[in-house]
Every structure is written in C-alpha cells, then in structure tokens.
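I opened my notebook for a slow look at this one. Here is what I looked up, in the order I got to it.

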Amino acid sequence: MLSVTWLLIAVPLASFLVLMLAGRRADAWGHWLGVAASSVVALIGIGAFFQMLGRDAESRSESVRLFTWISGGDLQVDAGLLVDQLSLTFVLLVTIVGALIHVYSVAYMENDPRRRMFFAYLNLFIAAMLLLVLADSYLLLFVGWEGVGLASYLLIGFWNHKPENATAANKAFVVNRTGDFGLIVAMAIMFTQFGSVSFADVLGGADGASTAVLTAIGLTLLLAATGKSAQFPLQSWLGDAMAGPTPVSALIHAATMVTAGVYLVVRSGAIYEATDDARLVVAIVGAITLILGAIIGSAKDDIKKVLAASTMSQIGYMMLAAGLGPIGYIFAIFHLVTNGFFKAGMFLGAGSVMHAMKDQVDMRRFGALRTAMVTTWITFGLGWLAILGVPPLSGFWSKDKIIELAFVGEGWQPWVFGLTALIGAGITAFYMSRLFFMTFHGKARWTDEQHPHESPLLMTVPMMVLAVGSAFLGLFLAAGNRFQNWLEPVTGTSGELEPVLAVPVLITLTLALVAAGVALAYWMYWRNDVPTEAPPPSLAVLAARNDMFQDSVNRAVFQIPGTHLTRTLVYADAALVDGAVNKQATGIAAFGEASRRFQSGKVRSYALLMLLGFLVLASIIVVGG
Amino acid sequence: MTYNVPEIAWAPLVPIIVVLVAGAVGVLLEAFMRNVALRRVVQLQLSVATLVLALFAIVWQWVAIGGDGVVVLRSMIYLDRQALAWQFLLVVFAIGGVLLFADRNREGEDAFTPLASVAPGSPDETVARAKGLAVTEAFPLAMLATGGMMLFASVNDLLFLFVALELFSLPLYILVALSRRRRLLSQEASLKYFLLGAFSSAIFLFGAALVYGAAETTGMRELLGLYVPERQTLLLLGLFMVVVGLLFKIGAVPFHFWVPDAYQGAPSPVTAFMAAATKAAAVAALARLSYLVLFRFAWELDWVIWTVAIASVIFGTVLAIVQTDVKRMLAYSSVAHAGFILVGFAGFSPLALSALPFYLLTYGVATLGAFAVITQVRELTPDGAAGAEATRLGQWAGLGKRHPVLAGLMSLFLLSFAGIPLTAGFVGKFVVFRAAVEQGAWPLVVVAVLASAAAAFFYLRLVVLMYFTDAPDDASPRVEVRPTGIGRGVAIAAGVIVLVLGVLPAGALNLADEAGVLLSPPVVTGG
Amino acid sequence: MDILTILIAVPAVAGVVLLTVRPLRAYARQFALGVAAIELILAVGMLMAFDRSAAGTIQFSQIDSWIPQIGASWAVGVNGIGLSLIMLAVVLTPLTMLAGWNEDESESRRAQYYGLMLLTLAFTVGIFAARDVFLFYVLFEAMLVPLYFLIGSFGGEQRRYAAVKFLIYALLGGLIMLVAVIALYFAGPGGEQAFLTANLTGLTYDAPWIENLLFLGFFIAFAIKAPIVPVHTWLPSVVETARAGTTVLLVAVLDKVGIFGMLTLVVTLFPGASTRAAPVIIVFAVFTAIYGALVAIGQDNMYRLVGFASVSHSGVMVLGIFAFTRTAIEGATFYMLSSGLSAGALFLLIGFLVKRHGTASVRVYGGLQRVVPVFAGTFLIVGLTALALPGTSPFASEIMVLIGSYEATRWGAIVATLSVILAALYVLLMYQKVFTGPTPQAMEPTTELSLMERVVIWPLIAAMLVLGFVPALAVDYFKDPSAAIVVSVEEAGL
C-alpha cells in the first residue's frame, strides 16, 4: 500500500489538471470526475488504514522517498511521504469528509455554470491537503500548506464578481501568508540548526538543540499555525471566508484545512516538548481564541458566520489541548476528527437551509424550518448535540476530555485554562442552541418568495453519513481508548494526569453549564419572538458582532499605516529618489546656463577672462615655485 | 667669424616641404589663373595629390628612420616616429578637410563666399555671386596651414615652434572668415579668433623668452641640461606660458573662449579641418614638450594639468548641455574633449605618447565625419534651393526617419564622441584613461568619466531628435538633407574608420605603440 | 568558429542585415523569428553537449587575441551559470517576438524593432559568455545602444525621457566601472591576456582599500543594472513606457546581467572586498526587497507594479549572493532564471491586456474573469509564480535564498522574508482589481487569449512548474560554480 501512497496526491491532482485543461468540453461530466477522484482517494485511504491496522503498533510508521526535490547547496530536501497513524488519521478525515462533500456539491452547485471549475478547485484542495499531512519534511508540508491556501483563495473567491468575495479571498490568502512567514523563518532556523528540514532530522535532533532555538522554532511554527487555523491574532479572515460556497466552508473552513495548524503543532510535538515557553503560548493562544470565537458566535445573525466563529472556537480547544503536552495532542486530534464530522455536517445543513431559502443566510429570516426540512433538522440536530458535548455523542468524548485536561497542572495555569475551557463550553451551548432554535424552531420569519423544501438526496445522504459520524464516532473511538492507543506511538504519552478538580465534578459542572446555555437560548430564541431586524446592540454585543473589532484593529494597526506607508513610499520614490535624479539633471543644466554668461560674445571680456585664468594659475606657480 | 653651413638632412623634411611647396604653388595659381572653374579643379587636384604624396612620403620616412629618429637642421627639428605619426594624422585630416572644401551642392555652391573682399550684403557681393566667382585661395591656405602644423608637430625649439604656430594660425584666421552664408558672423568669428590668438601667441612668445632667460636656450632637448637651478621659478613660469599658448590651441578652459564662436562662424568644412587638425597639432607639440621637459617638473606642473583638465571636462560638458546649436554644441564638446586629452597628460605616463595620437585620430575622424554630415543638412529657401546649414537642434528632428543612413552615421559619430564601446571613441578614451590611471590619477579619471556620462546626454539628445521625434510639419524654413557626393563620401569613410577602430583597433594601436617613442634627448650640460 | 562565437555572431549579423537590407523588411518578423529559432536550436545543442558533471569549469572555451596592446582577448566560455542564463535569453527572445507579432506598424519600423532585438540578443549572449573583463565591459556598454533605441523608438509617450534616463543611469555605472576595469589592468599580471577573468582571479592587492575601490567600481554598475534601491528609478520609468517585448528582455534577461556580474565578476574577482562589504550590501539588499514590494503595492500601472516587484526580487537575489552560503548562492542563481521566466510571462500578459484596452492602469479594468476565464486563469497562475507559490520554480529558488542566508544574516533573512507577505498583496490586489468584481461596460468586448498568446505564455508556465517540481534540472548546473565562489570567499576571509 505504501508504494501507492503517492496516488493519494496524484489522483486528485490529475483530476484537477484534466478539469482545468479540458475546458468547457468537460462541463457535462466534470463534476463526476471530481467525485470519482475524491472517492478513489477515500478508498485508497481506507485501504491504507486497514493495512496499517494489520501491523504491529510499533511498525506502523513508514516513509517513502519519491525523488530528490530540492538539492541546493547544503539544503537537501526529498519529496518523501510519511505515513503514520497521525497522517493517516488526517488522510481518512480528509478523504472521507471530502468525498461526501464532493457528492453533496454535485447537487448544491447544480445551477452554477462554473461547476466544473468548482470541482477542479476542490480536487486541488484534496491533493494539497493530503500533501500537507503526508509530507515528511517541513518544506514539502509547506507546499501543501500554501496549496490549500491557494485552493481556499480560489474557492472563497469562487463568486468573485462580487467585490466583497474577492476581497475576502485576498484577505484569507494574505493573512495566511503572514502565518507562512513564520513557517519560512522556522525552516530557516531549523536549517541553520539541524542542516535539514525533514521531520526525521529536526524532530529527532530536537534534544540536542538549545531551548532558545527550540522556543524560536516553536513560536514561529505557532505563528504559521495561527494563520492557517484562524487563531488569535490571525483569526480575522475566517469569518469573511464564508463568502465561498457552503460546501467549501464545510470542507475547508470547518473540517480540514483550518485544522492544519493543529496538525503542525502536534506533528512538531518533539519541539514543543522541549520548550515550556512555546507550549504555554500555544495554550494561551488556544484559550484566547476559544473564548473569542464563542463570544463572536453568540452575536452573529449570519448562520455561516456563527458556524465559522464556532470553528474558530473549537480549534481554540484543540490548540489549548495541544499546548498541554502529549496527552493533549491525542485529544486535540481526537476533537479535530469529531469536530470535522459534526462541523462539516452542520455546514452542509446550513447549506441545505440556504438552498431551501434562496441563499438567505440571516437567521432572523429563518425559524420553524423543522417541519419543512426534516432530514436537515435531524442531521443538524445531531451535530448540534455533538458540539454541545451531550453524552454519548461525539463531542462529549473529545471536548469534555480537553476541559478535563485543561484543569491538569500546577499553579495558576490549570485554573485559568480550565475555567476558560469550561466557560467556553457554556457559551458554545448558548450560541449553538441559539443558531439551532432560530433556524429550526420558533415562528417562521420567511419572506414571501421563500418556499423552503428539503434538499435532494445527493445532498441529504452526505449529511446523514456525517450525522452518524457526529453521533457515534466519538463513542466508537473512545471506547477502550482506541484512539489514544492508535496515536500514542506518534505523540508519546504523559502517564496518568490528575486534574485539580475531580473528574466527575468537572463533568457535572460542564453539563450544568451547557444546560444553562441551552436553556437561556431556548428562552430567548424559541419561546420569545425573534425580531427580523437586529435590535440596537449593547456595547458588548456590538463588539461581538464586529468580531471583537478585529478588523478595526487590523485596519488601525496594519492596513491604514500600511496604506499610508505604501502611498508615502510611492510618493517618495517619485519625488525624492527619482526627484533627486531629475534634480541633478536640472541642476547641471542650471549650472550650464549660469556658466554661459561668461560666453558673452565680447572679445575683450574673453581676453580678460583668459588673462584672469592665466594670472591665477601663473601666480600659484610663482608663489609655489 | 666663420659661418658654418649647417648640414641638413633633407629627406625627413620631404613631407613638410611637399605640402608647403604645394601651398606656394597654389598661391601663384591664384595670381595667374583667371578661369575660376578651372582654377578650382586644379587647386583641388593639386592639394589632394600633394597630400597623398605627403602620406606616401611619411610612410617612406617611417620605414626609413626606423625606431630611432633623425636630427634635422641642427637641433631645430627632430624627426622621429612620434612626429611622423602626428604628421600622418594631420595630412589625413587635411585630406578630409580639403575634400569638404571642394564639396558643392546641386546649385554648384560651395561653403565659401564668392569674394571675400567685399562687404557682406553689398551690391558687389551680388555681382560676385552672379559672376560665379569662388575663393579658391582656401586650398593653398589649407596647404600652408597643414604644412605649419606638420612642422609644429616636429619642432624641438620653442622659437621655431612659435614660427610654426603663426604659420598655421594665420591661414586659419582667414579661412574662418570665408563663409558663404552668415558672413558677418563668420567675419566676427575670424576677428575674435585672430585677436585672442594673437594674445595667446604673445603669451607664448613671452614664455619662450623667459625660458631663454632661465636656461639660455630655447631647445627643448637642451633645456633640462642647461637650466640654472636658481632660476627654476623663471623657467617654470616661462614653460607655463608656453603651455598656455598650446592650451589655447587645444581649446582648454579657461583658454577656450574662441572655440564656440569660431566653430560656429567658420564654414563647416573649415570647422571640420580646424577642429580635427589644430587640436592634433597642439597636442603633438604639448606631448613633445611634456616628455622632453615638463615631466621633470611633474610635481610643480601636474596640478595645472589636473585643474585645466577638470575645468575643461566640466565646463565643456555643462555648456554643451545648454546649447541649442549643433555646431556650438560640438564646439563645447571639443572643449570637453580637450579635458579628456589633458587627462592623458596627468602624471606624464609613457603610455600617453602612444595613446594621444590614437585618441586624436579617433576624435579627428569623428569630427570630420560629423561636420561632413552637418554640411548636408540645409534650410531650404522658399524656391526649394538649399540655403544655409540648419544648425539649430530642433531642425534636426525626424531626420532619422527620412535619411536613415545619414542620421545613422551622425549617431555613430556622436556615440564615438560619447565613448560608447565598439566605436573608436571608446578605445581612444580607454587608452588615454589607462595612461592616467597608470600614474595613479584615477580621481581625475573618475571626474572625467562622470562628466562623460553627463556628456552622453547632449550627444544623445541629437540622436533622440533625429530618431525619436517627428519633424514639425510647419517648420519654416523647411529643413532637408541635400546629400552631396563628397560630403557623403567623407562621412561614410569616417564612419567606416570609426567602426573599424572601435571593433578591431589592434593594428592601429600597434602603430601607435611604435609611435610612442621620442628620439632620446642628447644630454647637453651647461658649461 | 566555436559554438559561442557562432551564437553571438548569428544574431549580430542577422540584426545588422535586417537593419540595413531593405528588401528584407517585408519579412522582418519571419526573418527575426527564424534567426531566433536557429539560435535556440544552437543553444539547445550546446546545452546537450555541456558536461554537467563539470558544470563548475568553463566549457566551450575559446580564447583568441583581440586587442593585445591593451590586454583584451576574445575570450568566451560558459560554466553552468552562464549557460543557464544564455538559455533564458534564447528562450525568451523568440517568445517575445511572437508576442509582438501582430503589432500594427510600418514595415520599416518593424524591421528596426526586430533588428534591434536581434542585436540585443547577440550582446546578451556575449555578456553571459564573456571570459574577459574588457570584452564583458565592451558588450555591457555597447548593449545600451540597441536598448536605447528599443526604448526610445517604440512605446508610450514618455519613451524619450525613459530612454535617456535609462542610458544615463547605465552609462554612469558603466563608466565608473570603466575606471575600475582600467585599474584592474594594473593590478593584474598585464600582458596580452591581461583581462582574462582567469588571470584576474585570486589577485593580491597592495592594500585593502585598492580592492575595495575596485569592488565598488564594479558593484555600482551592477547595482544600477540589477537594480537595487536607491539606484532603481530608471526601471519603473522604462517599463511603464516601453513595449512589452522590450520590457521582457530588459527586466527578465538584462537585469540579470547585474546579478550575474555581481556573482561572476564582483565576488569572484574581489572576494576580500566582497566579504568586507557584505554587511552593508545585505542591508541594501534587504531594504530593496521590502521597499520594492511596498512601492509595488501602491502602483496603479501594472508595468510599474511588476517592475517594482522585480526590484524587490533583485534585492532577494543580492541578499542570496552576499550571504555567501552555497544554498543561498545557488538559490540566488536559480532565482535569476525563475524570476526571469515569471516576470517575463507577467509582462507579456500585461502587454496582451494593454493591446486590448490600451492602458496598463488597473483602475480601468475589472471583472475580466467572467469575460475571459482562460486569460484570467493564466494571469493568476503567472501571478502566483511571481508571489513564489510553492511548487513553482520561483518558490524553490526564493526559499533557498531565504533559508540559506539565515545562517549568515539572521535579521536580514527574516526581514527579507516579509517580502513574501507583501508579494501576496501586490499580486493578488492587482488580480483582484483587474479580473474580479463587476465587469464594466468597456470590458465586455475583451477577447480571450489567442492561440498565439497561449503558445507564448504556456511554455513559460510549464517551465516554471517543471523547474518547481524538479529544480535539479537547473540547480545541478549551479552547484559547482556556487561552491567555487563560496570557497574563494572563504579563502579570502582567512
């Protein structure tokens, strides 16, 4: 199986190329090619998984070298793939969720004239994402890393005839690039320190490096991760990214790409192991983001933006977990997988709702959709319960475990992180319930031309599959510590950990808070009428609605000074640098004009000047000689 | 008291004598030949034939005297390969100049006034023109000037040098005044040139006297052996004054004031001849003086060369930039070139002795070519006949589109002036600058190259005008190229030489190397 | 005659013939393209014959006496670096000729344009092949003449100003270099082959300041050509007004002469001074990388934008060279190729746009993606190469420079890396303004990329992708030469 691993990348890439180059000829069948490609890789992924299961836990990690990629001076980078439990977990998540979303998109994008291109981009994304997780070096990972960024850019801007969509696409790419800056610097440090950027050399050599270097690598990698995973302070792009078609939001901006940051941190575990400072920063970033996302999610009326905020927040949980060490890695990935399912499912549900409501995204215009779209209601409901962490659904096994882990440690950290995670769970319950109730319950607030109807099977079947995953995957993986045992060979173990509060107490507290959040939402958005226009907000709500002013901050800190800087430079380049050159030219001409006065045309003045020149030179000779 | 008849080695003087005799014959022809048309033809053929003969004589002498050189006429004239090289250049320039003198347009008009002795604009002038008179004295005058210059390049004695100076200067003063058009301007230029020339000659002569006072000899070779050390200041002052006389002829700042007026006022063929030949002759003399005498006082005199060189390149360049007349622009360019030439003298590197003739060759050929082109660009009179030369820069707009060959040649000469590689001018600059750098005068070279970057601006402005600018439709008077056989031929020949010297200069540089040795001075010690 | 001499002579003679023989004018394009094709075939033949295992040694070497009196020889030969850049030139030239195929102009002007192009090609090949400092200098300066005419005769309204500015800038640098060239003669062994690069390598100087001054004389000329800030202002003026074909040759190929000169002349001849100057130069280089990118962001004119982008790229290349690590130098060399291909393709595409709508101002455009999707896609891909998207050759080269120079200059590398973010901004903002958003009425009739245009651009994209995935195809040619440079610098540093 290992020998065909490269097909995981090659198949969707080939499909992408065919779809691009075939042009309009492929319009009729292009989407099916896309589906086929993603299905094939899903099958290969599953095949690889079963093959790996057949081996001992210790010998499951394998790498395959494809060819020498970059060989520049001392920098030797092979194009090589690393197939181990961690990467295969991602492969499965990406290919299975990806295949489902491909199927869903066939129907969702049916009326779009550029559906073929959409599938091409989706395939490109699959290829890049698989390259990202399968790469055996940071540099090759970076190719996938930017590749998914490109796919994300293309898909966010898929309807870029709307200027705001094009802007959103640009914003996503540029913010991601800011993160990528970190990754490049990290690689530069690695290369200088270890002479290599492969996982084997860098992670294997981490013991020998100084803490300062490792902290630097850890922090720069974290910068990359915050960009890709929309973590504080590079979170601002994700909300705008919802401009893309909803399947994209489901696949890229909820289930897979945005979790790449978590993958990067977990993959670089050996580095974070050795540097407490960097790890602490990871945890802090995660904690800030999970609260930030939750608050933003509570104030948004756009269904997709709520889900985006929720994604941010959930990844914040993962980051927090990843900042807690090896056991945290496992549950970060665990939550990443379950979140992949329920979040993708809910996005598809949201897409289904939009499909029914003529692309309306304002939840204040929904309500009482339960009856009109039963399948969507049920599948969405399962996702809702899962994210709430209601036992025994998936979220309970992953998220609550993270909350538990956050309470582990000494000093102030467990209390701060733990309480943050706990409160976050309560707010999550509130805003997800708010979303669910505003959409499916309460009074219908539709406009006249909207006639909600259930989506076709091509859309609902993927939603059902994901709903099943949302419901039972967590239980299945948690049972007998299956997932933990599976990943431990890669991440390592931390032994038994005791939270500062007893586990049953924590579970009770969490569930109580969740219940309170649901109740509040029920009271506000189901029992009471929801106004179709947003009421004038309090300051807090205003802040949350505006993404905690992140864009304003960005604008004030980067954009406006940046614009001024570029404008000033453009002006200065023309006026000062170039101006100096032109000034010099005019200066010479002016000098010439001035000198011209000596050439008066009068022979006596010529003679006088000659004599003058002669006398000056001669007197110097006489005096000097 | 017995009078020893000096033994004179006549053979080495043949080239000079041939040219001077032809000049004398020409004067006689002027007196006795009545038929203007015939006289013109005879004068032209006599001049060209003589000059070609002189070339052969020079080559003959080059081979004959070998690398050593010969003392002629006691120690008045020393003929060595350096002198012969300069003579060769001068004769080549003279051939080009004389050919241009003879050039006539379709209306049969040459560049000279039909009768120089009548007042401009007077009825007599009209009559003279109607009668088809012509000033064929130009040919013998040019021959006399050429002979004088050849002598100038070979003379060892300061007094004799003065004689040669006057011998070639006086004909030039007259030639400058002979323009067919814009006669007032021409005569004014001639007068200025004459007055300032006389002034500089006086300085020269005074300098020679001071030198005699310090060393009791005016022979360059003897000077160093004979001068009295206590009178060194006197000697230096005298030498400096002699140098000033030469710098005047070279056209270096601050002795350059005559240059723009004379260049502009003189008939273009005369300007061409004068620009190329005068500068070469003066440089030849300065080179001889430098490497026989001045090098000993390098410490005391080097700064003069530096100062004048820098002043020349800078003023020449910036003044050229603001000119609006092609001939004046080239005049200031020649001032800048005087500066470049002087850079070669900095430090008195032996390399300069071969570099300078080569430089002057490249400069002279390009100058002849450029003025040959200028003679063909004409304002048209209302009835469509060729009028005065169109020398305002703006009048050259769009020439490149209408006359690509001519404009191409002009561009080539301009690029050569600017010192762009693959033209002769570049190789010339290179060897001269190399001589300076060898003596550590690189700061001077840096100033010079900075100036030549700025100089490229005005050379290229003309190129821009010719190629990148469209001619105004309503230009009045209309400007047209009136190609003439000889002018075109001279320009093309010059163009070929410029290219060959630029791309494959090895042969010419070889000859220059051979010319780079002066006859070693006899050591004469004071009694 | 040896292959390199032929490679120089063919376009030179053809160019002169085209400029002078009138009957040929009617077939100027076909003739020029034919010559360029022959040139390409010859060059490919040379590439095949090149011994890659000895890429560090000069091959196809020919040394003949030229001007022995001043020590100048006709010495040509290439190592892997020179060969690659010659390939870049001969590949881009026919493509640019094709790109300007349908330009509407008179026969004589067309003949002039193509004749000058051929001359420029001849000089370019000569420069990359020159193994004699004097020969290099002569070609370096003489090349300005055809370029001057190309810029001044063909293009927009400001072309005269641009041509003069270009020339004065280049001459200024070149003439200062001339002084250094002459001085180098006296520092070297002298004789009839005084200027052979081989004879001038490894010289010892009486005092460091002599080497420093010589270094400076050469460096300034190349800095102007590269160009790096603050001597860059000729570039935007030129690219704004020149014809796309001229711009491509100028920015994609000839600017590389500056970098090439730094690499093969400056650092090789003056390793000691280069080491001493490196800290200062790196500051300039990094400043250039950032400055160019920032100013590019603020441009409205697309030509200027890409011009400033390539200024920024030049900064990265210079950083790579003066970091003196093998990785960085190989990266910088590779970047010359990559950035040449990328900037070339981008200029050509902008040229296609300008041909359709007569302006390079982004403000005028909008929403073209809906109208001409293939054009948009092609533009985007090329744009992505310009921002060094992984998988393309600019990425592979840029990353080599950035990663490779960190060891030598930590902050230099980090700050230069910021240009990666800025690159995303200027490329994507341009794409956004031109191709996305609502389509203005005036843009509706835009025609799709023609077959000819595809033939021109797509090979360039393919080349960048192939080199991006298998950089070894190019980098193998740089390994030995780069290693030699590092060794010489290290020896000088001891």
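How many residues does the contact take from chain A and from chain B? I looked this up first, keeping in mind that this is a predicted model. Chain A puts in 24 residues and chain B puts in 35 residues.

**Entry: the interface**

Next I wanted the buried area. The size of an interface is often given as the accessible area lost when the parts come together. For chain A and chain B that comes to about 2600 Å², and 83% of it lies on carbon and sulfur atoms.

I then went through the polar side of things. The rule finds zero salt bridges across the interface of chain A and chain B. For polar contacts across this interface, the rule finds one residue pair, with both residues at pLDDT 80 or more.

Which elements give two or more residues to the side of chain A that touches chain B? I noted helix 23 (550-596) and helix 24 (603-624) of chain A. Helix 24 of chain A gives the most to that side, with 13 residues. Sorting the side of chain A that touches chain B by class, I got 16 nonpolar, six polar and two charged residues.

**Entry: two helices of chain B**

I checked the length of helix 6 of chain B, residues 158-176. Its 19 residues should span 27 Å at 1.5 Å a residue, and the end C-alpha atoms are 26 Å apart, so the two values agree. Is this helix covered or open to solvent? I found it mostly covered, with 14 of its 19 residues buried. At the start of helix 6 of chain B, I also spotted a side-chain oxygen of Asp157(B) within 2.8 Å of the backbone nitrogen of Leu159(B).

I ran the length check again on helix 7 of chain B, residues 183-215. At 1.5 Å a residue, its 33 residues should span 48 Å; the end C-alpha atoms sit 47 Å apart, which agrees. Just after helix 7 of chain B, I noted that Glu216(B) takes a positive phi of about 55°.

**Entry: one alanine in chain A**

Where is Ala308(A)? I placed Ala308(A) in helix 14 of chain A, residues 303-322. Is Ala308(A) buried or exposed? Its relative accessible area is 2%, under the 20% cut-off, so I wrote down Ala308(A) as buried.

I then listed what Ala308(A) touches, leaving out residues up to four places away in sequence: Leu238(A), Gly239(A), Met242(A) and Phe347(A). I also looked at Asp240(A), which is 68 residues from Ala308(A) along the chain, with 9.0 Å between their C-alpha atoms.

Notes:
Residues are numbered from 1 along each chain as its sequence is written. Chains are lettered from A and ligands numbered from 1 in the order in which they are written. This is a predicted model: local features need pLDDT of at least 70, side-chain atom pairs count only at pLDDT 80 or more; totals for chains, interfaces and linings use all residues. Side-chain values use heavy atoms; hydrogens and water are left out. Helices (H or I, at least four residues) and strands (E, at least two) are DSSP runs, numbered from the N terminus. The expected span of a helix is 1.5 Å times one less than its number of residues. Buried means under 20% relative accessible area, exposed over 50%, partly exposed in between (1.4 Å probe, protein chains only). A polar contact is a pair of N or O atoms within 3.5 Å; within protein, one must be able to donate a hydrogen and the other to accept it, and residues adjacent in sequence count only if both atoms are side-chain atoms. Contact means heavy atoms within 4.5 Å. Buried area is the accessible area (1.4 Å probe) that two parts lose on being put together, summed over both. A salt bridge is a side-chain nitrogen of Lys or Arg within 4 Å of a carboxyl oxygen of Asp or Glu. Ala, Val, Leu, Ile, Met, Phe, Trp, Tyr, Cys and Pro count as nonpolar, Asp, Glu, Lys and Arg as charged, and the others, Gly among them, as polar.
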